[in-house]
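Colleague: Please take a close look at the pockets of this model, and then at what surrounds them. A plain account will do.

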Amino acid sequence: MPSVRFDPKATFVRVPARVVGPKGVEWLGLALDTGSSRTVISEHVALRIGFNLLTAHSVRIATASGIVEARVVTLRQIFALGETADEFQVLVLPLPAQLRSDGLLGMDFLRRRNLFCNFGKGILLTLPFARNFLHRCQLVTHLFAAL
Amino acid sequence: MTERKPEPIEEIRKRFKDEWLLIKVTKHDKNGFPIEGILLLHTADKQELHEAILNLREQGEMGELMSWFEGPLVPEGWEVILSAFSSL
């Protein structure tokens, strides 16, 4: 079962993610953000993997500091925390240079699996949803072994 | 551009601090995470990293490129409030 190591003392939890656009594949560090309803990538990344932001449609989003406009693009694929999603819509925002991350991994992606976090050891583990009792027992075994 | 030899990504990361790394991924582990690559650039300037990737793409580079900051995730003295809410 895939587990990801992170620095438990860091300002936020950063996880590696692979994003596939029309013209490229990139591995990024995304901030795991259970407070964000949507997954976000930076404008720079969107341009680099081949999206034309001038033709992408826009939506208004609420942030802690007000309402802003974001572009919406559809990644061909995103992979993070052992989970792959095809044709996945993400928001595109200009992110400040002080943020050493290229986006946010939001709830629209995170809710696809169960997520377990050990802040003491800096381990994130994702497991599929249990199909039945036996499967649940197998998953619990993986969970204890990994954490 | 400094080095051209594939090496474990963990080893590359240990050599740098407070810099963006640009790595061409050459090998993955059984779960699909990158474990080996070629260091293409290290810089403290995020804009330089961005332009380097754009140049590589223009030159026809189609491989998996990894950009990763090695060091604190925000500069000292800064705090972060993330989160965005939208309905599509």
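Modeller: The second largest pocket is lined by 19 residues, and those nearest its centre are A:Leu95, A:Pro96, A:Leu99, B:Ile81 and B:Leu82. This is a predicted model, and the volume of the second largest pocket comes to about 430 Å³. By class, its lining has 14 nonpolar residues, four polar ones and one charged. Two of the residues nearest the centre of this pocket, A:Leu99 and B:Leu82, turn up again in a nonpolar core. The largest nonpolar core has 41 residues, and the members that touch the most others are A:Val15, A:Ile41, A:Leu75, A:Ile78, A:Leu81, A:Leu105 and A:Leu124. Strand S6 of chain A, residues 66-80, supplies the largest share of that core, with five residues. A:Leu99 and B:Leu82 belong to a second, separate core of 14 residues, which also includes A:Ala70 and B:Leu73.

The largest pocket has a volume of about 680 Å³. It is lined by 31 residues, and the closest to its centre are A:Arg5, A:Pro16, B:Glu10, B:Arg13 and B:Trp68. Among the elements that give two or more residues to this lining, chain A has strand S1 (3-5) and strand S2 (14-21), while chain B has helix H1 (9-14), strand S3 (34-43) and strand S4 (64-70). S4(B) contributes the most, four residues. The lining of the largest pocket divides into 18 nonpolar, four polar and nine charged residues.

B:Trp68, one of the residues closest to the centre of the largest pocket, is also a contact of A:Val15. Leaving aside residues up to four places away in sequence, A:Val15 touches A:Val4, A:Leu28, A:Gly29, A:Leu30, A:Leu32, A:Leu81, A:Leu105, A:Leu124 and B:Trp68. Three of these contacts, A:Leu81, A:Leu105 and A:Leu124, are listed with A:Val15 among the core members that touch the most others.

B:Arg13, also among the residues closest to the centre of the largest pocket, takes part in a salt bridge. Its partner is B:Glu70, and the closest N and O atoms are 2.7 Å apart. B:Glu70 sits in strand S4 of chain B and B:Arg13 in helix H1 of chain B, so the pair ties together parts 57 residues apart in sequence. B:Glu70 counts as buried because its relative accessible area is 15%, under the 20% limit. B:Arg13 counts as partly exposed because its relative accessibility is 22%.

Over all chains the count is 10 salt bridges. One of them joins the side chains of A:Asp102 and B:Lys46, at 3.7 Å from N to O. This pair crosses between chains: A:Asp102 is in the loop between S7 and strand S8 (103-105) of chain A, and B:Lys46 is in helix H2 (residues 46-58) of chain B. Both A:Asp102 and B:Lys46 are buried.

Within chain A, the side chains of A:Glu83 and A:Arg113 form a salt bridge at 3.3 Å, N to O. A:Glu83 is in strand S7 of chain A, and A:Arg113 is in the loop between helix H2 (107-110) and strand S9 (114-118) of chain A, 30 residues away along the chain. A:Glu83 and A:Arg113 are both buried.

The enclosed space is a separate matter. The model has one cavity of 30 Å³ or more, with a volume of about 40 Å³. Its lining is made up of A:Ala80, A:Leu81, A:Glu83, A:Phe109, A:Leu110, A:Arg112, A:Arg113, A:Leu115 and A:Thr126. By class these are five nonpolar, one polar and three charged residues. The salt-bridge partners A:Glu83 and A:Arg113 are thus named again in the cavity lining.

Chain B, which contributes residues to both pockets, has two helices and five strands. From the N terminus on, these run β-α-β-β-α-β-β. The C-alpha trace of chain B spans about 40 × 35 × 30 Å along its principal axes. Of the 88 residues in chain B, 47% are buried. Among its contacts between residues at least 6 apart in sequence, 58% join residues at least 24 apart.

Notes: Residues numbered from 1 in each chain as written. Chains lettered and ligands numbered in written order. Predicted model: local features only at pLDDT ≥ 70, side-chain atom pairs only at ≥ 80, totals over all residues. Heavy atoms only, no water. 1 Å grid on protein atoms, 1.4 Å probe; cavity = no way out; pocket = protein on both sides within 12 Å on 5 of 7 lines; lining within 4 Å. Points joined across faces, edges and corners; volume = space filled by probe spheres on them. Nonpolar A, V, L, I, M, F, W, Y, C, P; charged D, E, K, R; others polar. Core = buried A, V, L, I, M, F, W, Y, C linked by side-chain atoms within 4.5 Å. Buried < 20%, exposed > 50% of the residue type's maximum accessible area, 1.4 Å probe, protein only. Contact = heavy atoms within 4.5 Å. Salt bridge = Lys/Arg side-chain N within 4 Å of Asp/Glu carboxyl O.
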